Amino acid sequence: MYESKNRTGNDEDIFQYPVEFLESIESGRLAPHKLVLKVGVPIMLLKNLQPPQLCNGTLLVVRRLNRFNIEAEI
């Protein structure tokens, strides 16, 4: 399970937007706060990393799950 780290860009907004509120937001545009993956499942890249191979919308297959990153292949 991977969890997002949520915070605002301005430290003064922390009282207006508490972490619990940020973690509760559910939208089709945002990844979930808690992401559960397994080796072999398909995932979609949501950010351009190395165009033209690794672009937004590229389908990948999870090959290895590490503590701070996910290894996947096209």
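Q: What is the mean pLDDT of the chain?
A: The model is predicted. In the chain, 62% of the residues reach a pLDDT of 70 or more. The mean pLDDT of the chain is 78.

Q: Which element of the chain has the highest mean pLDDT?
A: Helix α1, at residues 19–24, has the lowest mean among the elements, 68. The highest mean is 95. That value belongs to β4.

Q: Which pattern does the chain follow along the sequence?
A: The secondary structure comes to one helix and five strands. Reading along the sequence gives their order. The pattern is β-α-β-β-β-β.

Q: Where is Leu-46 found?
A: Two strands flank this stretch: β3 covers 42–44, and β4 covers 59–65. Leu-46 is found in the loop between β3 and β4.

Q: Is Leu-46 buried or exposed, and why?
A: The cut-off for exposed is over 50% relative accessible area. Leu-46 has a relative accessibility of 61%. Therefore Leu-46 counts as exposed.

Q: Which residues form a nonpolar patch on the surface with Leu-46?
A: The patch has about 340 Å² of accessible area, taken together. Leu-46 belongs to this patch. The other members are Met-44 and Leu-59.

Q: How many of the residues of the chain, in percent, count as buried?
A: The chain exposes about 6500 Å², and carbon and sulfur atoms supply 54% of that area. Buried means under 20% relative accessible area. Of the 74 residues, the share that counts as buried is 11%.

Terms used:
Residues numbered from 1 in each chain as written. Predicted model: local features only at pLDDT ≥ 70, side-chain atom pairs only at ≥ 80, totals over all residues. Heavy atoms only, no water. Patch = residues over 30% accessible without salt bridge, like charges linked within 9 Å, V, L, I, M, F, W, Y side chains within 5 Å. Areas by Shrake-Rupley, 256 points an atom, 1.4 Å probe, with all protein chains shown as cover. Salt bridge = Lys/Arg side-chain N within 4 Å of Asp/Glu carboxyl O. Helix = DSSP H or I, 4+ residues; strand = E, 2+ residues; numbered from the N terminus. Buried < 20%, exposed > 50% of the residue type's maximum accessible area, 1.4 Å probe, protein only. pLDDT = per-residue confidence, 0-100.
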